[in-house]
Amino acid sequence: MRARGYLAFFIGICLTAWTCYFVMEEQQKQQVRAGFQRDTEQVARDTQTRLQIYADSLQGMKGMYAINDRIDRRQFRRFVSELQIAKRYPGYQSLQFVRVVPEAELAAFVEGVKRDGYPDFHVHPASRRPLHYIIDYNEPMKDNENAFGLDLSALPRHLKALELGRDTGEIVATERITLVQDATGEPGFVARAPVYRGGMPVATTAQRREALFGFVAIVFRVNVLMREVIDPALLEHLHVRIEDGGFQNGKAPPPGADTLLFDSDGKVETHQERADAVPGLTAQTVLPVGQRNWIIKFEGRSGVRYGRSQLPVLLIGIAGVIISALIAALLVTNRRETDARAGLEGSLKELESQKHQAEQARNDLSRVVATLKQAQTNLQTSEKMASLGALVAGVAHELNTPIGNSLLTATSLSDMVRDFERRLQDGGGVKRSALEAHLSDARKACDIMASSLTRAADLITSFKQVAVDQASGQRRRFRLDDVVHDTLATYAAQLRRASCTVTVDVPADLVFDSYPGSLSQVLSNLIGNTLLHGFDGRESGALTVGARREGKDLVLLQMKDNGVGMSDVVLHKIFDPFFTTKMGQGGSGLGMNIVYNIVTSVLKGTIRVESVPAAGTSVLLVLPLSPACEEEALQA
């Protein structure tokens with residue numbers, strides 16, 4: 001018996017050693033890699049979001065000129081002051097308007113600027129060419145005086161970006177430049193959008209060149225911009241380096257070119273691997289910025305965040321030794337006790353002991369089941385709150401554009417009215433052509449505001465209905481197509497970022513007497529799964545939502561995508577609680593389990609999932625138009 005105990009102890013020690021090795025070499029390595037990937041994706045996502053906000057601001061400036069291309073210096077300064085750059089957009093260096101000035105009109109242009117209150121104004125560097133691209137409006141002027149009057153046509157790096165923006169009509173960013181107003185020599189870049197004269201066609205390149213009026217621009221210092229995006233505490237463990245990859249439709253910069261835009265270590269020389277870098281912990285992503293590609297490179301560094309902890313291995317080793325010793329001792333003890341027990345009395349005592357243990361195990365199991373049910377209920381509530389959070393975020397993002405457009409249009413309209421009143425008071429009257437032009441501009445501004453505010457009102461109505469339904473869980477009559485469109489409206493921002501096209505084919509005569517909040521939560525979970533899993537690693541996708549009657553009282557609702565699909569193993573476990581393919585990446589493993597419970601228990605329907613790897617996924621719901629309540633179900 002002593003030999004059996006030694007053998008059990010030896011086997012236990014071997015298993016403990018193998019477990020320690022597995023935890024140290026495999027599991028912790030995967031955890032470090034997953035944490036590094038989350039950090040790099042967060043930095044890339046935050047950078048793209050911040051640049052998109054700035055691009056939207058640039059489009060807003062362009063929209064202001066589309067309404068009125070006679071904006072003077074005072075109006076431009078007021079527009080910039082209303083933006084509150086230092087408070088709301090700390091990554092900006094300045095906002096500019098670049099005016100196109102032919103050589104024949106250059107002298108008159110300079111005299112006009114001097115009369116505006118800048119007697120020392122001059123165009124620099126001086127040159128003679130058919131067209132000059134001169135920085136006319138420059139706000140804030142403080143610390144940006146050197147850029148005022150700069151002729152960009154004499155600077156090849158700027159001229160190349162200007163001509164591309166003129167011909168395409170899109171926002172174009174420059175390559176790495178050193179700003180004339182920045183004495184530190186830090187890397188910078190400028191994003192510009194072309195402005196065309198109102199009423200002129202811009203369908204072809206030749207028409208756009210003829211109609212070009214100027215450019216609106218935002219000037220950035222990359223170091224200031226990235227300090228606003230990246231958490232400083234993260235940079236202690238993560239090295240970030242951004243390089244310019246050239247225009248998207250052009251050639252990459254030649255070897256040896258100065259393409260470094262940002263280095264979190266403050267370096268400007270060629271990047272060299274640090275001694276504290278974690279081997280193999282590197283990543284790279286390409287970010288489109290104004291027709292150019294930014295190459296973001298990441299490198300993890302050893303430390304607490306990406307280091308391996310010895311504590312779990314030590315605890316496993318201690319626990320393994322103790323358990324192995326206890327098992328060995330238990331084998332020896334059980335053998336001796338078995339030999340000592342003899343007769344019917346010993347057998348009855350053993351039976352009584354086993355019965356007591358079984359009863360105790362049953363009680364423990366009951367408590368565990370109750371705890372799991374409570375946890376599942378809490379997680380279902382959390383999932384509903386998360387869905388409401390996604391609704392709020394989506395609607396807030398969607399409301400930003402129409403309300404911002406309305407604010408810009410209202411400001412421009414107010415300036416137009418005051419200018420019209422001044423002309424009336426100064427001249428004693430206006431011409432019919434001037435009155436008609438003023439009425440036309442006012443009508444366009446009103447149409448823009450009405451369209452934008454109508455869009456905002458529709459979004460708010462959809463959000464109120466969906467949010468109330470999800471929060472209350474009350475039963476009422478509703479049209480299926482309304483619930484589908486309201487839910488999709490709340491995910492419009494996420495679907496647009498994923499370049500996902502949505503097709504809806506739901507008849508308007510499908511009227512339910514059911515629970516719209518529960519159905520909306522099911523649709524929200526399915527859309528979220530499609531974006532997170534179905535289009536993972538893809539630049540675009542397509543989502544189709546269709547419905548048709550199945551008999552008299554049933555409706556077949558189908559949601560189909562062309563994503564990556566699922567394997568048979570994943571498809572078999574898709575409704576199991578706590579099963580997820582995104583473990584450690586934000587997945588709880590309860591999304592589809594909650595969908596299954598809502599469909600079968602609340603909506604009294606059935607759900608089926610069909611999928612083929614690399615060929616998309618189709619979710620089919622068969623729902624009754626009027627599900628029976630609990631009392632009716634019990635009586636039946």
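How many aromatic pairs does the structure hold? I began my notes with this count, and the answer for this predicted model is 13 aromatic pairs.

**Entry 1, aromatic pairs.** I looked up the pair of F76 and Y137, whose ring centres lie 5.3 Å apart with the planes at 45°, so I noted the pair as tilted. The pair joins distant parts of the chain, since F76 belongs to helix 2 and Y137 to strand 2 (residues 131-139), with their positions 61 residues apart. I then checked burial for both partners: F76 has a relative accessibility of 0% and therefore counts as buried, and Y137, with a relative accessible area of 5%, is buried as well. I also recorded that F76 and Y137 belong to one aromatic cluster, in which Y65, F97 and F213 take part too.

Next I turned to Y118 and F148, where the ring centres are 5.0 Å apart and the planes stand at 65°, so this pair is edge-to-face. Both residues sit in loops: Y118 in the one between helix 4 (106-115) and strand 2, F148 in the one between strand 2 and helix 5 (156-168), and the two are 30 residues apart. For F148 I read a relative accessibility of 11%, which is why I list F148 as buried.

**Entry 2, helix 2.** Because F76 had led me to helix 2, I asked which residues of helix 2 (residues 73-83) are buried. I found R73, Q75, F76, F79, V80 and L83. They cover an arc of only 165° around the axis, which means that they lie on the same side of helix 2. On the face turned away from that buried side I noted the exposed residues R74 and E82.

I then examined both ends of this helix. At the start of helix 2, a side-chain oxygen of D72 comes to within 3.3 Å of the backbone nitrogen of R74, and just after helix 2 I found Q84 with a positive phi of about 55°.

**Entry 3, I53.** I located I53 in helix 1 (residues 2-67), and its relative accessible area of 38% makes I53 partly exposed. I also looked up the separation of I53 and Y89, which are 36 residues apart along the chain, and their C-alpha atoms are separated by 9.2 Å.

**Entry 4, a five-stranded sheet.** What is the strand order in the open sheet of five strands? I read it as 12-14-15-17-16, with mixed pairing. Strand 12 (500-505) and strand 16 (606-611) are the edge strands, each pairing on one side only. Averaged over this sheet, and with direction ignored, neighbouring strands are turned by 15° against each other.

I followed one edge in more detail: strand 16 pairs with strand 17 (residues 617-624) in the antiparallel sense, over six bridges, and E610 stands opposite S618 in strand 17.

Two helices pack on the sheet, and I noted their contacts in turn. Helix 13 (residues 516-534) touches strand 14 (541-550), strand 15 (554-561) and strand 17, and its direction makes about 20° with that of strand 15. Helix 15 (residues 591-602) touches strand 16 and strand 17, and its direction makes about 140° with that of strand 16. I added a remark that strand 17 therefore appears in the contact lists of helix 13 and of helix 15.

Conventions: Residues are numbered from 1 along each chain as its sequence is written. This is a predicted model: local features need pLDDT of at least 70, side-chain atom pairs count only at pLDDT 80 or more; totals for chains, interfaces and linings use all residues. Side-chain values use heavy atoms; hydrogens and water are left out. Two strands pair if DSSP finds at least two bridges between them. Axes are lines fitted to C-alpha atoms, for helices over the stretch in contact, and angles run from 0 to 180 degrees between N-to-C directions. Contact means heavy atoms within 4.5 Å. Buried means under 20% relative accessible area, exposed over 50%, partly exposed in between (1.4 Å probe, protein chains only). The arc is that of the directions from the helix axis to the C-beta atoms. A polar contact is a pair of N or O atoms within 3.5 Å; within protein, one must be able to donate a hydrogen and the other to accept it, and residues adjacent in sequence count only if both atoms are side-chain atoms. Rings of Phe, Tyr and Trp (its six-membered ring) pair if their centres lie within 6.5 Å; planes under 30 degrees apart count as stacked, over 60 as edge-to-face and the rest as tilted.
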